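Trainee: Could you walk me through the charged residues here? I would like to follow the reasoning step by step.

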Amino acid sequence: MTLKIVIIGSGNVATHLAAGFEKAGCDIVQVYSRSASHASRLAGALSGAEPIDSLDDLIVDADLYLIAVADAAVADIAAHMPRVNGIVAHTSGSVPLDALDGVAERTAVLYPLQTFTREAQVVLDEVPFFTEASDEDALRCIDDYAHLLSPRVYHADSRRRKTLHIAGVLSCNFVNYLWDCTAQVLAADGYDFSVVEPLIRATLDKAVALGPRASQTGPAMRCDAAVMQSHMQLLDSPTAALYRDLSNAIIKTHKLDCKL
């Protein structure tokens, strides 16, 4: 029997997961968004999905209702959904499972530990998915649904999922901000961000192979205050302050006998 799925949301996560489920042979029957045009855009990229902009129009007999919206909107969406027969799941790393209380007999979480942008390709079968559910039967079902997208399926309750979300912010969002700072520094002297691509890839490969702490290098590790001071003099005030804070954090973490 073909799995019938309703996608609630039309943003980055909703777009990629809807496409992944459809590729796996599932039937995306509806796409909901508060914006009719956004619902139509995502539904139009799928085969036969009905776009809707009112939760009152949700069908009640789908197998999975996947709430893929901003974290702050999950509970409000659940509170305004009609009671449905299938599993209702959200995709958030920071929202507890009980945000879905009352919307269905069976509820779950399907959290992908990945960054999603609508225009950027994501290889879903490399993405780890973390699941949680209201009961053992629902957990078996959401695990089965997750395995349609990726072989990397693990369990994480609401507390542990928050830890994973923090790890995602540190390893992705904060690092991406540093890359943005890097791009601005390079652009000021006429260089493209691509010149550091080999360095970025080598840094990641080494961190995975040896562990981040053992892989740490740079002027802070060498206690080279002269180099660090010269760098900060060339940076704007916010970036210089960030450079100082991170250098001092490295010095403290590695218990080095120096000061910046």
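Mentor: Happy to! A salt bridge here is a side-chain nitrogen of Lys or Arg within 4 Å of a carboxyl oxygen of Asp or Glu. Please keep in mind that this is a predicted model.

Trainee: How far apart are the closest N and O atoms of Arg 140 and Asp 137?

Mentor: Arg 140 and Asp 137 both belong to helix 4, three residues apart, about one turn of the helix. The pair forms a salt bridge, so its N and O atoms have to fall within 4 Å. The closest ones are apart by 3.9 Å.

Trainee: Which residue outside that helix forms a salt bridge with Asp 137?

Mentor: Look at distant parts of the chain: Asp 137 sits in helix 4 (residues 136-147), and its partner, 31 residues apart, is in the loop between strand 5 (87-90) and strand 6 (107-112). The closest N and O atoms of this salt bridge are 2.7 Å apart. The partner is Arg 106.

Trainee: Is Arg 201 buried or exposed?

Mentor: Arg 201 meets Glu 197 in a salt bridge (2.9 Å, N to O), and the two are four residues apart in helix 6. Glu 197, at 36% relative accessibility, counts as partly exposed. Exposed means over 50% relative accessible area. Arg 201 has 52%, so Arg 201 is exposed.

Trainee: Which residue of the negative patch is in the loop between strand 3 and strand 4?

Mentor: Glu 50, Asp 53, Asp 56 and Asp 57 gather in that surface patch of negative charge. The one placed in the loop between strand 3 (50-52) and strand 4 (64-67), with a relative accessible area of 45%, is Asp 57.

How values were computed: Residues numbered from 1 in each chain as written. Predicted model: local features only at pLDDT ≥ 70, side-chain atom pairs only at ≥ 80, totals over all residues. Heavy atoms only, no water. Patch = residues over 30% accessible without salt bridge, like charges linked within 9 Å, V, L, I, M, F, W, Y side chains within 5 Å. Areas by Shrake-Rupley, 256 points an atom, 1.4 Å probe, with all protein chains shown as cover. Lys, Arg positive; Asp, Glu negative; His and termini not counted. Charge placed at Lys NZ, Arg CZ, Asp CG, Glu CD. Buried < 20%, exposed > 50% of the residue type's maximum accessible area, 1.4 Å probe, protein only.
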